[in-house]
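Please open the model in your viewer and keep the sequence panel at hand. The tour proceeds by selection, one stop after another.

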Amino acid sequence: MTTLAGPPPRLDTRLPGVRLRVVQMADAEALAALYRENRDYLRPWEPERDDAYFTVEGQRDNLHDLVGAYATGEMWPGVVLVDGEMAGRITLNNILRGPLQSCFAGYWVARAHAGNGVATEALRQALDVAFGTLRLHRVEAFTRVDNHASQRVLERNGFTVVGTARRHIHLDGRWHDERLFERLAPWDDGIALVPQA
């Protein structure tokens with residue numbers, strides 16, 4: 001492990017009832033309802049969406065793209081479940097292989113679950129997928145500089161700040177600066193491309 005990454009935080013207590021799984025085409029109805037319920041809540045943090053995105057058909061189109069990207073190894077698109085009910089989304093995006101072995105994490109949880117540790121636990125489980133199942137070396141994440149809740153989720157999962165990207169993303173009608181975070185794999189020794197078998 002490098003000094004840059006630092007030791008991973010102790011997350012001995014898992015939040016009961018929080019589970020991740022890969023999206024399925026059958027999720028269209030539940031996701032459409034969840035997006036509609038949280039449309040205003042997510043507006044500052046999510047890209048602008050047309051009304052069709054919030055329909056079952058719009059989610060079917062979205063899920064079709066996500067399932068296709070998962071099949072080619074470009075992303076790991078997940079849903080966050082709390083006690084078996086849909087509570088949000090988490091995705092390992094832009095999976096890069098070769099000398100990079102990295103991805104970007106993106107996540108959100110419904111307003112009803114915000115501030116309860118659900119996002120922190122979901123990201124912890126996604127890191128298990130990234131560093132275990134996918135054998136990636138680095139996970140990166142961007143947050144708007146004013147999204148302190150998301151930054152706390154990252155910090156609790158051992159991410160460190162790399163820097164700030166000026167006017168990096170267009171959300172809620174204007175360009176915003178974003179803070180870049182990174183987390184290296186627990187198996188990182190500064191030499192190995194992938195973890196030892």
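Which residue in S4 stands opposite glycine 88? Select glycine 88 and valine 109: valine 109 in S4 is the residue opposite. The model is predicted, so local features require pLDDT of at least 70 and side-chain atom pairs pLDDT 80 or more, while totals for chains, interfaces and linings use all residues. Residues are numbered from 1 along each chain as its sequence is written, and side-chain values use heavy atoms, without hydrogens and water.

Next, select S3 (residues 85-96) together with S4 (residues 102-109). These strands (DSSP runs of E, at least two residues, numbered from the N terminus) run antiparallel and are joined by seven bridges; pairing requires at least two DSSP bridges. Five residues lie between the strands of this hairpin, in which glycine 98 takes a positive phi near 65°.

Now add S2 (residues 76-82), which pairs with S3 in the antiparallel sense over seven bridges. Tryptophan 76 stands opposite leucine 92 in S3. In this hairpin, with two residues between the strands, aspartate 83 has a positive phi near 50°.

Move to S6 (residues 160-171) and S7 (residues 174-184), antiparallel strands joined by eight bridges. Alanine 165 stands opposite glutamate 178 in S7. Two residues separate the strands of the hairpin, where aspartate 172 adopts a positive phi near 50°.

Finally, select helix H4 (residues 118-133), a DSSP run of H or I with at least four residues. Of its 16 residues, 13 are buried (under 20% relative accessible area, 1.4 Å probe, protein chains only), so H4 is largely enclosed by the rest of the structure. Just after H4, arginine 135 takes a positive phi of about 55°.

Note on methods: The expected span of a helix is 1.5 Å times one less than its number of residues. Buried means under 20% relative accessible area, exposed over 50%, partly exposed in between (1.4 Å probe, protein chains only).
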